[in-house]
Amino acid sequence: MKNIFRLFKTLRGFVVAAIMAVTLFVFLGVTLAASILYENIFTRQAQQTSESIADHTFSLMFEIMSQGWTREELEHFISTTKAAYENSPFEFEIYRSDKVSALYGVINQRDADTHVQQLFTGSDAKVIENASHTRRLFPLKAEQTCLSCHTNASIGDALGVIEIIEDKRLISDEIRRGHLLLFIICGILTLIVSLIIANKVAKRINLSMDHLRTRLESVNTVTDFKHLDISDVDFYFEEFNNTFSHIRILTERLKDVAVDKDILEFEIRLLSKFIITSEVVKDWRDFIKDLLIDINSIITAHTLVTIFQIEEEGYELEVFWHHDVCKKTQSDFEAVVSKQLASSHHYQKDCPILKIVHHIARPSSAKDSDKLTLGIHEIELQTKSLLLETPKIGGVVGIGVQSEMARDPIRHIVIDSILTTLLNLVGSVKAIYKYTKDLEYYATRDPLTDLHNQRMFHELLGYEVGRSQRHHQEFSLLMLDLDNFKHVNDRYGHSFGDQFLHSFARVLALAVRPGDFVSRYGGDEFTIILPETSEEQAHSVAQRIASSLETLVLTAPDGSKVRGTTSIGIAIYPRHAADPRDLFVVADNMMYKAKREGKNQIAIPNEDEMAEVFKAVGEKNLMVLNALEEKRIVPYFQPILDVESKQVKIHELLMRIDLGDRIVSAVEFIDIAESIGVVHKMDYLLIEKAFEQMNEQAYDGMLFINLSPKSLIIGEFISRVRQLALEFSIHPSRIVFELTERETVSNMALLEKFVQDLKLEGFNFAIDDFGSGFSSFHYIKHFPIDVIKIEGDFVRNMLTDTTDLAFVKSIVTLAQGLNIKTVAEFVEDEQIMEAIRAMGIDYGQGYYIGKPSPKLVKQVDI
């Protein structure tokens, strides 16, 4: 049944069915009309025949009766007449009236029924119809001449009735057989004719469809589609052609909007590469080369150009060629690009093009004369060159592709969108590349003095202890502190103080050997590791430093001359200590001894002093343990200001020890607490007291909690902090944990898991001192960071140091791109406050805003 239904849905089947249906309808209509007409004619003819038979029979009977006949003759006449109609559809019968029977007796006849009796009583001839027969009755009425024999009758009396019965079944069966035969013959002829017509129509249309199909099958790409021509396809029938004309119009429209599958696949493949990874950052130029090779898989693109603005100095262009080109082509290309840049209204006329660097994606070993040569007209940039009004991340201000895309607007749009994405990608990669290069450097260096930093110092000290132990050698450690440096800072300002520190660092670098390690430990403290150095040699180096410092004279902003002195402590490995931490403690204590003895001194411990040093260390250990047991850990809160609203919405939680007569800062005991493994317990107690105070003061702001990674990876930390938050009705979103770099990232995977678990609880995270070391970038990559606290040294010096300013700008741009809030540390005066507001930094923290306090302040006066 489904196959039959499917057949009728074909053109051939539809034409055959339509012709057959129309023919059948016409045939049945004509047959019905002919049958009705024929039956009418047949009825009239039968009636006339019946009347003729009756008249003829009456005439014969009248003629015979006029001559007189016997009963036998009458019966013979009747039987003969009946016999004459035996093989015809007519049946004949004569009925004698009672008057005739009275005179001449009864004859052999059928009994007269009601209809016959009615004619004897005076009714006229009548016809009785049923389904199979037609019965006609004719009265034989007496005339004048009949009365001579029928003396008991009167004129007009019915002397007899002639009955003629016609059997219609014989004729109707014959008619039906004839109609059926005719229908079969006509149906066969109609089917043959309809098949011939349908085949001719279908063949004509199929030829056109095959012609169209052949052309469509040749379309495999959008390029083939755009060369498709179906204007000469003719379906012969005007209706089909009119309908197909709309398809032609639609095809022409589609040519303008169709996108090649290769283009889309290319775009998807390319966009999947737009993920910044360490490999992309490290080899970003190779990334651009590979990108150019990919672009050439769908279009011919000779070059890709990146345009960077280097600070305010000028522009730097890097041209990436798909194939190696001759020197003249490179020179012509530089001229064309320079002209196009100069014509842009975004181009800063006072910023020259500093350099143009060429890179080759597919280098060639051919001679210059055999390399690709392009004319000036072939070098024109045929896609948009994105020259932006202001530099974006990494200083990128423009990007463009030189290709043959202008002839294909759709490809132009796709590549254009890729360029837009690429602009941000290249800018970000360039910025991260520059930033990571700086981070790689400043991960080991102090940005102000260019000396090794504190972290590098501890690594080098541990390394030197191990090396000296293996080789059974001595080495010396010097701890130096500038005398009265706070007075210099306060009197002449931080800018001059930084200049003084930088000059002192140069003195140290010049006073030691190339293999010695000079570090800035922090603030105005410095360390020097002197490998393979005895006590006498170390003392000699210290004296040389002190003598060199005497010649250092700087002119202050007010014109006065400023000199500096230093207090130096010395410790010798392994005489004074065999452990790196203990060795540092000895040198640090000797440095403070030199200060106590009047400053500008050199101190080396003797045996009695060594006992005092370790006794002092033991006392600090005892102080920490007692403070923990007696719950003398107290919270201090430093306000953090919303730069725009000038409201205090955040406080940073700081740890102090209350000894009764004085408050001990965390700087004096945090290292001890970490070394003896109780810092996490101190953190718990600190958080509990801070939450309690927040609850008592109805403080509704946020709290930054500075924890070391060691505290975060303690197994019970999450449950303890969650329980404390519930106990004091503090929503986790109001708590921000600060990740610092006091620990290395060797336990990064474990740390990441605990940070994610805390994040699921609703807590937030910040990176403290962002930019001070390379780990900061690892944190922002691996952890869901909400806030970045910018390293205070960058903020404090950014108004006088362009490098620090660039660092701060880069960090702010990076944070804004990642939708991360920023906090500027070391905001110490109004100028810095205004500067961070202009940069778009969200919050400020520093002594200008407020110092740490045992109370949560809600408003500060600025």
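**Exercise 1. In this predicted model, establish the order of the strands in the open sheet and identify which strands stand at its edges.**

Solution. Five strands form the open sheet, and reading across it gives the order β10-β11-β9-β14-β15, with mixed pairing. The strands at the edges are β10 (517-522) and β15 (602-603), and because each has a single partner strand, one side of each is left without a neighbour in the sheet.

**Exercise 2. Describe how β11 is joined to β10 and to β9, and determine whether β11 is buried or exposed.**

Solution. Begin with β10, which is joined to β11 (residues 525-530) by five bridges, the two strands running antiparallel. Within this pair, S519 stands opposite T527, and G522 stands opposite E525. The hairpin of β10 and β11 has two residues between the strands, and there G523 takes a positive phi near 60 degrees.

Turn next to β9, which is also antiparallel to β11 and is joined to it by six bridges; here L480 stands opposite F526 of β11.

Finally, consider the side chains. In a regular strand these alternate between the two faces of the sheet. For β11, E525, T527 and I529 lie on one side and F526, I528 and L530 on the other, and all are buried. Since six of the six residues of β11 are buried, the strand is largely enclosed by the rest of the structure.

**Exercise 3. Work out which residues of α18 are buried, where they lie around the helix axis, and which elements they pack against.**

Solution. Helix α18 (residues 535-550) has 16 residues and reaches 23 Å from its first C-alpha to its last, close to the 22 Å expected at 1.5 Å a residue. Taking buried to mean under 20% relative accessible area, the buried residues in α18 include A538, V541, A542, I545, A546 and L549. These cover an arc of only 135 degrees around the axis, which puts them on the same side of α18. On the other side of the helix, E536 and E550 are exposed. The buried residues pack against β9 (475-482), α17 (494-511), β11, β14 (566-573) and β15.

**Exercise 4. Classify the packing of α16 against α17 and name the residues that make the contact.**

Solution. Helix α16 (residues 485-492) packs with α17 at an angle of about 140 degrees, their axes being 7 Å apart. Because angles over 145 degrees count as roughly antiparallel, this value makes α16 oblique to α17. The contact is made by F485, V488, N489 and Y492 of α16 together with H494, F496, G497, F500 and L501 of α17. Of the α17 residues, F496, G497, F500 and L501 are among those that are buried.

Methods
Residues are numbered from 1 along each chain as its sequence is written. This is a predicted model: local features need pLDDT of at least 70, side-chain atom pairs count only at pLDDT 80 or more; totals for chains, interfaces and linings use all residues. Side-chain values use heavy atoms; hydrogens and water are left out. Two strands pair if DSSP finds at least two bridges between them. Helices (H or I, at least four residues) and strands (E, at least two) are DSSP runs, numbered from the N terminus. The expected span of a helix is 1.5 Å times one less than its number of residues. Buried means under 20% relative accessible area, exposed over 50%, partly exposed in between (1.4 Å probe, protein chains only). The arc is that of the directions from the helix axis to the C-beta atoms. Contact means heavy atoms within 4.5 Å. Axes are lines fitted to C-alpha atoms, for helices over the stretch in contact, and angles run from 0 to 180 degrees between N-to-C directions. Angles under 35 degrees count as roughly parallel, over 145 as roughly antiparallel, 65 to 115 as roughly perpendicular and the rest as oblique.
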